[in-house]
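Hi everyone, thanks for making room for me today. I'd like to walk you through one structure, so let me put it up on the screen.

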Amino acid sequence: MSAQQSRALRSRAVAFAGIFASLIVAQPLAAQTTVTMWTFLDPNKTSPREVALKEIIAGFEASNPSIKIKVEPQDFAQMPPKFFLGHRTGGNPDLVWIDAKNLGGLSQSGAGADLNALAVNAWSQAERDDFFVKAGWNAALKDGKLMAMPLFHGASVIYYRKDLLKAAGIDPATLTSWDALAAAAKKLTTDKDGDGRVDVWGFGMPLAAIKTESTPVLIGMLDQEGGPFNTCKANYATPEGIRSLTFTTDLITKDKVTPQEALVQNVDDITEQFTAGRYAMAITSNLRFSVIAKAAAFGGDNIGIIAWPSWSGKKPAPMPVSGWWIAAWQKSPRLAEASKFIDYLASREAIGKWMTVGGQVPIRKSLLDSPFLKQPANAWMTTMVDAWSTSSWMEPTECNTRTLQSALNEAVSRVILDKVEPKAALQEAERKFADAQ
């Protein structure tokens, strides 16, 4: 072969190699769909729930390499209303997290896809029955359609410091009545250095009108025949309502176990002050337990949770059911992929992650025998399971309940600051609830 022919062959070989390489580059390795999700958690951060979410997403993507989950963190209070508005204007994510107060709004907006049709109808009956917090499951049902899937449930609860109660000779198991709680709070309110100022208050309550949690005003009213609601009509100004409001205001004005500054403190403020050692007992969400335990200046192993007291003390008051659900946008062009991720989130694997990594109470019965729950540090989870199993309560999801607790907190302020009679303050709260519908 001549040198000229050899050069020509090499030239053609290089050309063919270039064409072949360009063909390889032009062919995608695999089609990938990106599913966008709104949540208040950021998987790039390090709180227990955020770490759990990151691990759950990684597990799903490993099993489903053609689907990528893109998280767009949002403000937790603005996220649901923003999603409802986006249903009309467009631009919504494929998935959104919904809290208990906005489940009714989700149903009314028409923004949620039917997860029964997309996922649950393919489950066995045993799989469906494995979700033991029925109030939480049923709250997302509308006309036989499941508008959202429970992720983890929470509730406003009473936290306490084991070390302080022990030092005061108080057995937390005896705090079954409101009178017993008030008496314990008095013993726990202390001036350690004798300067005339309280160093540790007995009982902390988030009484601001924003970022609220349940207080004795609401829980006390649940402990009555029929509860405080008749469909979407509030019945607050009842003998039980007046008793509940008076008990709450007395904690500040008469018993002096809660500082008056609690009237402007939201749940974040109360949580921070409890972890700093300012309160011996305080109301916040059980969803925050792992974060609170990590931040507690007095050690996370010193934290416990009690069931809500009742007037009689013979059985606990109903435990509220709150928490977070996940919904798929009804107009999403990626419903198949989005529902596949929701199906994974409902699995024992994912809910197990929320429990062991995220510090959340499991919502599947099949996980209640887990060795994890038998560890002393996780006894509070068993307290929650027992309370929900005994008696649970869900806000009426057919109503607009976003201002429910805010109006009750304002009633507390009206009585203390404006000297309004409890019945009149509760009637004002009833009108505010009616105006919100």
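I'll go through the disulfide, a helix packing, some aromatic rings, and then a lysine and a helix.

One thing to keep in mind throughout: this is a predicted model.

Let's start with the covalent link. How many disulfides does a search of the whole structure find? The answer is 1. The disulfide joins C232 to C399, with an S to S distance of 2.1 Å. For those of you who like dihedrals, the value about the S-S bond is -100 degrees, and the link of C232 and C399 is left-handed. Where do the two cysteines sit? C232 is in the loop between β8 (229-230) and β9 (233-234), while C399 is in the loop between β14 (392-393) and α17 (404-418), so the pair ties together parts that are 167 residues apart in sequence. The two ends also have their own surroundings: C232 is partly exposed, at a relative accessible area of 26%, whereas C399 is buried, at 2%.

Next, please find two helices for me. Helix α11, residues 239-253, packs with helix α18, residues 422-436, at an angle of about 105 degrees, and their axes are 9 Å apart. Are these two roughly parallel or roughly perpendicular? Roughly perpendicular, because angles from 65 to 115 degrees count as such. On the α11 side the contact is made by G241, I242, L245 and T246, and on the α18 side by P422, K423, A425 and L426. Sorted by type, the residues of this contact come out as 5 nonpolar, 2 polar and 1 charged.

Now the aromatics. A search of the whole structure finds 23 aromatic pairs, and I've picked two for you. In one of them, the ring centres of W178 and W308 are 6.0 Å apart with the planes at 45 degrees, so the pair is tilted. W178 lies in helix α9 (residues 178-188) and W308 in the loop between β11 (303-306) and β12 (319-320), so parts that are 130 residues apart in sequence are tied together here. Both W178 and W308 are buried.

My other pick is F274 with F298, and the geometry is edge-to-face: 5.6 Å centre to centre and 80 degrees between the planes. F274 belongs to helix α12 (residues 267-275) and F298 to the loop between α13 (289-295) and β11, 24 residues apart. F274 is buried, with a relative accessible area of 1%, and F298 is buried too, with 13%.

There is also an aromatic cluster to look at, and F40, W97, F152, W324 and W354 form it. Hold on to W354, please, as that residue comes back in a moment.

On to the lysine. K340 lies in helix α14, residues 335-345, and is partly exposed, with a relative accessible area of 45%. Which residues does K340 touch, leaving aside its neighbours within four places in sequence? They are F60, N64 and I67. Also, K340 and L118 are 222 residues apart in sequence but 8.4 Å apart in space, C-alpha to C-alpha.

Finally, helix α15, residues 348-356. Its buried residues are A350, I351, G352, W354 and M355, so there is W354 again, the member of the aromatic cluster. What do the buried residues of α15 pack against? The partners are α2 (48-63), β3 (95-99), β6 (149-154), α14 and α16 (379-390).

That's my tour, and I'm happy to take questions.

Note on methods
Residues numbered from 1 in each chain as written. Predicted model: local features only at pLDDT ≥ 70, side-chain atom pairs only at ≥ 80, totals over all residues. Heavy atoms only, no water. Disulfide = S-S within 2.5 Å. Helix = DSSP H or I, 4+ residues; strand = E, 2+ residues; numbered from the N terminus. Buried < 20%, exposed > 50% of the residue type's maximum accessible area, 1.4 Å probe, protein only. Axes fitted to C-alpha atoms, helices over the stretch in contact; angles between N-to-C directions. Contact = heavy atoms within 4.5 Å. Nonpolar A, V, L, I, M, F, W, Y, C, P; charged D, E, K, R; others polar. Phe/Tyr/Trp six-rings, centres within 6.5 Å; stacked < 30°, edge-to-face > 60°.
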